[in-house]
2 protein chains.
Amino acid sequence: MSSERILSSLLRDRVVSAEAAAALIQPGETVAMSGFTGSGYPKAVPLALARRIDDAHVAGEAFRIRLMTGASTAPELDGALAQADGIALRMPFQTDPDARQRINAGTLDYIDIHLSHVAQHVWFGFYGEIDTAVIEVSGIREDGSLIPSTSVGNNKTWLDLAKKVIIEVNDWQPDGIDGMHDVYYGTALPPHRKPIPLVQADDRIGETSLRCDPDKVVAVVRTHGPDRNSPFAAVDDTSKRIAGHLIEFLKHEVRMGRLPENLLPLQSGVGNIPNAVLAGLAESGFRDLSAFTEVIQDGMLDMLRDGVLRVASCTGFALSPAANEEFKRNIAFYRERIIMRTQEISNHPELVRRLGCIAMNGMIEADLYGNVNSTHVMGSRIMNGIGGSGDFARNSFLSIFLSPSTAKNGSISALVPMVSHVDHTEHDVSIIVTEHGLADLRGLPPRHRARQILDHCVDPSYRAQLEDYFDRASRVSYGKHTPHLLPEALSWHQRWLDTGTMLG
Amino acid sequence: MSSERILSSLLRDRVVSAEAAAALIQPGETVAMSGFTGSGYPKAVPLALARRIDDAHVAGEAFRIRLMTGASTAPELDGALAQADGIALRMPFQTDPDARQRINAGTLDYIDIHLSHVAQHVWFGFYGEIDTAVIEVSGIREDGSLIPSTSVGNNKTWLDLAKKVIIEVNDWQPDGIDGMHDVYYGTALPPHRKPIPLVQADDRIGETSLRCDPDKVVAVVRTHGPDRNSPFAAVDDTSKRIAGHLIEFLKHEVRMGRLPENLLPLQSGVGNIPNAVLAGLAESGFRDLSAFTEVIQDGMLDMLRDGVLRVASCTGFALSPAANEEFKRNIAFYRERIIMRTQEISNHPELVRRLGCIAMNGMIEADLYGNVNSTHVMGSRIMNGIGGSGDFARNSFLSIFLSPSTAKNGSISALVPMVSHVDHTEHDVSIIVTEHGLADLRGLPPRHRARQILDHCVDPSYRAQLEDYFDRASRVSYGKHTPHLLPEALSWHQRWLDTGTMLG
């Protein structure tokens, strides 16, 4: 245990057990919790709440909440509450297998929105009132302000708007994190908004702690537990080839004078492939890079350590246990180079466009014309959610989507005639990369985009099939601007549902 | 004819005929012209160029150009060049029937991109070099700077980047327009971008004229011709009902405290239904409104005249002949209340979000889950293009789409199981209105969104059919988050292609 983390005597007097805190949450409430990609989520109250909900259900009582967070959390939060059937409505992003199963069974309502829209839509009044906020912090200052934990997410908004607040003080989080955060209090509702005074990823424009009205704090809970901290997969051959194509392209853009030598601020989705891209970038001779992104994962921490990356702006972490140890060990070093912001700032369209981010995100599938599906398997079954990919893709300098060309042992092609769900339209996608190559869709009309994807991205096992669709569509489609054969456009997906493979 | 419009003697010496100017454009060039929704496009050089291209084709010579503009133009530009088969590639928006026919025949390549992306993507180097700019202005100052015409569009970018410039000085345009424009010269390429210092629709942040390097001006052509100025249809019962539902909703939002009494800056698409909505707003008791939009059409001019609208910011006009007469007659009045900007500013995501615009746009179709198709008929045949609808929808306070519930005498339903093309995803659509009612999709998961659309928007002739799809999909869909039956999802469109009606 570290030294005392609760320096406000007023709030120290409100320390209770997780059970006592959870007892303050009533059935039907809208509960807004901290947490972003498995970092900085409350560790104890959600578990205690899940037990309480279980007990209520055993007793035949209804008990479900509407749950909002920053983004995904962990088994102790989404998992436990979903298993207890305690969530009526979830937003804005989640990755828990139990919750996903219930969402796709139609028993848990899920709202999938741009992460940059969450705070403002709640402020606009589109989601009703927030009853309770449950926020993990790393400490409480004497004046009652809160030192954030390993994610900031929507915590500012939750604390400002909730009727009552429960604080978890997690002393497992490094106390050296104090000073890493930048909480911007200059937001407002229209018509009172002003320009956000941030012109590079390095800029600090806010405060290092979260304001919190102590009168609203109904409970403080001490915790001592790690973030989710899942390991990343070792970089495999497919990921390495994807990274290779992208890095070759970025170097080419530098040579052509379209990108500066230190590129533009990087945004990277979370996962094994983005991690491989970051690993590749670290070894490619680039220097003095910056990142303006949602999440810092292992690859970015390595780049900071090695001096490849000068600064990284984020709203949360997704670190393996080993990377987390490195982070804690050298936190004074990282505190000079990492700035953690609220997610309305980390993902703000104004800032992403101003900075000219290079947006690198994964996808489920893309179609011949460059429409991208980031969320739905076979058009109906949601995987995770759109997250911040749209905030970055739409407003970036370069909108890049990365994926292996096939999934499920080759039974699914990531390149299809028509995507079964659209999250990023043809208007928002510049570059698609698979292990086979890179399709540069910039400045191309639809049929030329198809040529790029056919020539560079599709797996050889699906190429003839996709060429055949495109050829026939180009000949007999109702319109030849975006050729399609409607009875076949989604047939690959139906074939997979019927036979277990998209191969015809 | 008015008095001398060319006050620069240097440029007055470069006055030539339209034919002589058109002769300076070579086959294969990228030519960037002025023009936005039929206003401020060059009237003479494109016609002369079309004749030149016709002659070349008769002589067996190849002659096509790559053509960029602000948005749509008129028969004298898109029509003439398309009829001459003189356009190899067109971007970013167009509405000409001849050009549309060629695009959908696959003989004219068309790139459909967000209007806020055009200037920056050209600056980024994604479209290669611009050979010639052909820009209509209303006058030339002594110092050689250009007084813009009835649209600004991308003219600043075209003048800055083109290797050679042809200027058309149209003295049909009112000279009283001088002072109405606000050309912002503070844009830059990343990483040098700064906040745009505009915080309300009224703000002037730039200059009243366009800078132009006189060394690049290869020809000046005098013209005297009207803009396209098509009349709007009289407000019919369907439009009136759509407007009524929307206005009732806006009043409700004011009563609930979610909107100020003078609303937030209005953005309105162009067309008969938006025009009817504006007419309805004018009669509804609202006062002190503002507009931050692309185009001023008749309805908005009326609102300015009647004092309902305090100020309107735009990049172009779409006026009927009668409204144009009114505009010219009282231009001193309108000059105090209209600010014309470049389209990168009129449509800028940073500004649309900051101001919290109320975005009102038409659509071709929406589906059960609120995905909107603005561009493609039956998935393959492009109508016009996305224009600025995405710039506003994504970043607005309220993203509203309006449409009659059916088209083509009831043979097409505007509400379908799955849209055949997606321009605005479920993440970007808050409100859908037809003559039957208003679906409020805010804060709702997909199946509840479907309920809103079924209960409020779909035409009675299609309701049972759409209910049946939704019922069966909700029971047997692979995933129940966004229920779909893939073999049927696009069957309504195919039925229309096969039988002439979507009715099953």
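**Exercise 1. Is B:D202 buried, partly exposed or exposed, and what does B:D202 form with B:R310?**

Step 1. Start with the accessibility. B:D202 has 24% relative accessibility, so B:D202 counts as partly exposed. Here buried means under 20% relative accessible area, exposed means over 50%, and partly exposed lies in between (1.4 Å probe, protein chains only).

Step 2. Take the partner. B:R310 counts as partly exposed at 31% relative accessibility.

Step 3. Check the contact. B:D202 and B:R310 form a salt bridge, with the closest N and O atoms 2.5 Å apart. A salt bridge is a side-chain nitrogen of Lys or Arg within 4 Å of a carboxyl oxygen of Asp or Glu.

Step 4. Place both residues. B:D202 lies in the loop between β8 (181-182) and β9 (217-223) of chain B, and B:R310 lies in strand β13 (residues 309-314) of chain B, so the pair ties together parts that are 108 residues apart in sequence. Helices (H or I, at least four residues) and strands (E, at least two) are DSSP runs, numbered from the N terminus.

**Ground rules.** This is a predicted model: local features need pLDDT of at least 70, side-chain atom pairs count only at pLDDT 80 or more, and totals for chains, interfaces and linings use all residues. Residues are numbered from 1 along each chain as its sequence is written, chains are lettered from A and ligands numbered from 1 in the order in which they are written, and side-chain values use heavy atoms, with hydrogens and water left out.

**Exercise 2. Where do A:K43 and A:E136 lie, and are they buried or exposed?**

Step 1. Find the contact. The side chains of A:K43 and A:E136 meet in a salt bridge at 2.8 Å, N to O.

Step 2. Locate the ends. A:K43 sits in the loop between β1 (30-33) and α3 (45-58) of chain A, while A:E136 sits in strand β5 (residues 132-140) of chain A, so the pair ties together parts 93 residues apart in sequence.

Step 3. Check the cover. Both A:K43 and A:E136 are buried.

**Exercise 3. How many residues apart are A:D468 and A:R472 in helix α17?**

Step 1. Count along helix α17 (residues 460-476) of chain A. A:D468 and A:R472 are 4 residues apart there, so about one helical turn separates them.

Step 2. Look at the side chains. They meet in a salt bridge at 3.1 Å, N to O.

Step 3. Add the accessibility. A:D468 is partly exposed at 36%, and A:R472 is partly exposed at 26%.

**Exercise 4. How many salt bridges does a search of the whole structure find?**

Step 1. Take the total. The search finds 66 over all chains.

Step 2. Look for a network. Salt bridges link A:E253, A:R258, A:D440 and A:R442 in one.

**Exercise 5. How many residues of helix α10 of chain A are buried?**

Step 1. Count. In α10 (residues 298-305), 6 of the 8 residues are buried, so the helix is mostly covered.

Step 2. Name them. They are A:D298, A:G299, A:M300, A:L301, A:M303 and A:L304.

Step 3. Go past the end. A:G307 follows α10(A) and has a positive phi, near 80°.

**Exercise 6. In what order do the 3 strands of the open sheet stand?**

Step 1. Read across. The order is β18-β17-β24 in chain A, with mixed pairing.

Step 2. Find the edges. These are β18 (372-373) and β24 (415-416) of chain A, each pairing on one side only. Two strands pair if DSSP finds at least two bridges between them.

Step 3. Take one pair. Strand β17 (residues 365-367) of chain A and β24(A) run in the parallel sense over 2 bridges. A:D367 stands opposite A:V416 in β24(A).
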